[in-house]
Structure formats: structure tokens, C-alpha cells
Amino acid sequence: MSNAGMQISAEQGAFMQVITRMLSAKRVFEIGVFTGYSSTAVALTMKELNPVGARLLACDISEEWTTKARSYWRDAQVDDIIELKLAPAAETLDARIAAGEAGQYDLGFIDADKTGYDSYYERGLRLLRKGGVMLFDNVLWSGRVADPADTSADTSALRAFAQKAKSDTRVHAAMTNIGDGLLICVKK
Ligand SMILES: C[S@@+](CC[C@H](N)C(=O)[O-])C[C@H]1O[C@@H](n2cnc3c(N)ncnc32)[C@H](O)[C@@H]1O
């Protein structure tokens, strides 16, 4: 995937803003910030709805990409509600669970390393409140998940993860073809 291809589309940003609005989301985590498009989109809606108390936890491992994100957050005047953690996301989520933040998040967006999706799902489920939502990007993987001959690590992880979420009694799950495929999970 090209660097530019890592960013979500404008249509997906608009869709995520609607989800943010439907949940009146005050606490959100994002895994995979890159240059900040998706976090800026969500944060703008969060701040409009909850000028006081909105908090977005942004997880990434790249100083280089997130330096650009910080500058866009400043331009959009949402930098005050975003906390960036530069560390492997599983470590950041574990620290938040240990800090007593389980059940406190309204929304999570997962758009990082595909082999990590299952670990983000399990940790995210603990952080979400009942009725909270997680959105997983790239679940169609340009159609490669439907190709049985593709057994690469990323494709296999995405395929297994979607199968798991579909039959997991802890969530209501639905897949959409927005962008490269967005899996929506609502915590029961
Ligand atoms: C597809 S990009 C995210 C795109 C972003 N959501 C947007 O709309 O522009 C994936 C990001 O995940 C980050 N990443 C990869 N592995 C990670 C990990 N283990 N923990 C946290 N972030 C990770 C990369 O540094 C990269 O910035």
C-alpha cells in the first residue's frame, strides 16, 4: 500500500463522524494515526458535541507520521482534546485497562497492523462501555480475504478476525464496503 493509500477516504471520515455523533462520543481511542486524517475528523465532531470533557487517545509508533498529525490537529484546533501515545498500541491499551479505564470508552477505531487486530479487539472490548462501538478498517483488504490462495499473514489474520467477530456473542457485528471494508462491532 502506498503511503497516501494508508489514509482513510473523505467518505469514510464523514461516516465516522456520523457514528461519533450517534454515540455522542466523549471518549474515543484510535489505533493507527498516520498523519491524522481520521483522528481529526472524529475529534472535530467530538469537540463540537462535548467542548468540555471530550478526550481522544491516539496510538501510533511513528514519530515521523504523527509529527504531521500534531500539526494538523493544531490547525483544526483539536490538539487540546487529543492525547498521543507513541508505543505499540497493545501496550497502551493494557496500561489504560490497568489504570481503571475499562468500560469508559464510547468508540474505538482500529487501523494499524493487521496481525494485531485480534489483540486490539480483545483489549478494546474491555475498554468500551455497553453499547460502545469499535470500527475495524481494511477488513476487505482489496478483496484478498476472499481469495483462498492468499495465505499471507495479514490476509489470514483479517479473515480469521472477521470470522471470529461474526460469531462472537459479546458483540453485534456488521461488515460494510465503505473504503476498504469497515467492520462495525457494537458491544452488548
Ligand atoms: C493505515 S495507517 C493509519 C491511517 C489513519 N487512520 C488515517 O486515516 O490517516 C497505519 C498506522 O498504524 C501505525 N502502526 C503500525 N503498527 C502499530 C502498532 N503496533 N501500534 C500502534 N500503531 C501502529 C503506523 O505507524 C501507521 O501510522
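I'll start at the hairpin of strand 6 and strand 7: five residues lie between the two strands, and G179 there has a positive phi near 60°. Before going on, the ground rules. This is a predicted model, in which local features need pLDDT of at least 70 and side-chain atom pairs count only at pLDDT 80 or more, while totals for chains, interfaces and linings use all residues. Residues are numbered from 1 along each chain as its sequence is written.

Helices and strands here are DSSP runs numbered from the N terminus, H or I with at least four residues for a helix, E with at least two for a strand. Two strands pair if DSSP finds at least two bridges between them.

Back to the hairpin. Strand 6 and strand 7 run antiparallel and are joined by six bridges. M175 stands opposite L183 of strand 7. On the other pairing, L183 is the bridge partner of F136. That belongs to strand 5, residues 128-137, which pairs with strand 7, residues 182-187, in the antiparallel sense over five bridges.

Now the whole sheet. It is open, made of seven strands in the order 3-2-1-4-5-7-6, with mixed pairing. Strand 3 (82-86) and strand 6 (171-176) are at the edges with a single partner strand each, so one side of each has no neighbour in the sheet. On average, neighbouring strands are turned by 15° against each other, direction ignored. For angles, axes are lines fitted to C-alpha atoms, for helices over the stretch in contact, and values run from 0 to 180 degrees between N-to-C directions.

Which strands does helix 2 touch? Helix 2, residues 37-49, packs on the sheet against strand 1 (27-31), strand 2 (55-60), strand 3 and strand 4 (105-110), and its direction makes about 170° with that of strand 2. Contact means C-beta atoms, placed from the backbone, within 7 Å. Helix 6, residues 153-166, also packs on the sheet, touching strand 6 and strand 7, at about 135° to the direction of strand 6.

After helix 2 comes a loop leading to strand 2, and N50 lies in it. N50 has 15 C-beta neighbours inside 10 Å, so it counts as partly exposed. The scale is this: 20 or more other C-beta atoms within 10 Å is buried, 12 or fewer is exposed, and in between is partly exposed. The C-alpha atoms of N50 and A25 are 8.2 Å apart, with their positions 25 residues apart along the chain.

Helix 5, residues 117-127, has these buried residues: Y117, Y120, Y121, R123, G124 and L127. Their cover includes strand 1, helix 4 (89-98), strand 4, strand 5 and helix 6.

Next, the ligand. There are 21 residues around it, of which G32, F34, S38, A89 and A112 come nearest. A residue is near if its C-beta atom lies within 6 Å. Helix 2 and strand 2 each give at least two residues to this shell.

Last, the protein overall. It has six helices and seven strands. Of its 188 residues, 39% count as buried. The radius of gyration is 15 Å, which agrees with the value near 16 Å for a compact globule of 188 residues; it is taken over C-alpha atoms, and the rule is 2.2 Å times the number of residues to the power 0.38. Among contacts with a separation of 6 or more, 72% join residues 24 or more positions apart.

Technical notes
Two residues are in contact if their C-beta atoms, placed from the backbone, lie within 7 Å.
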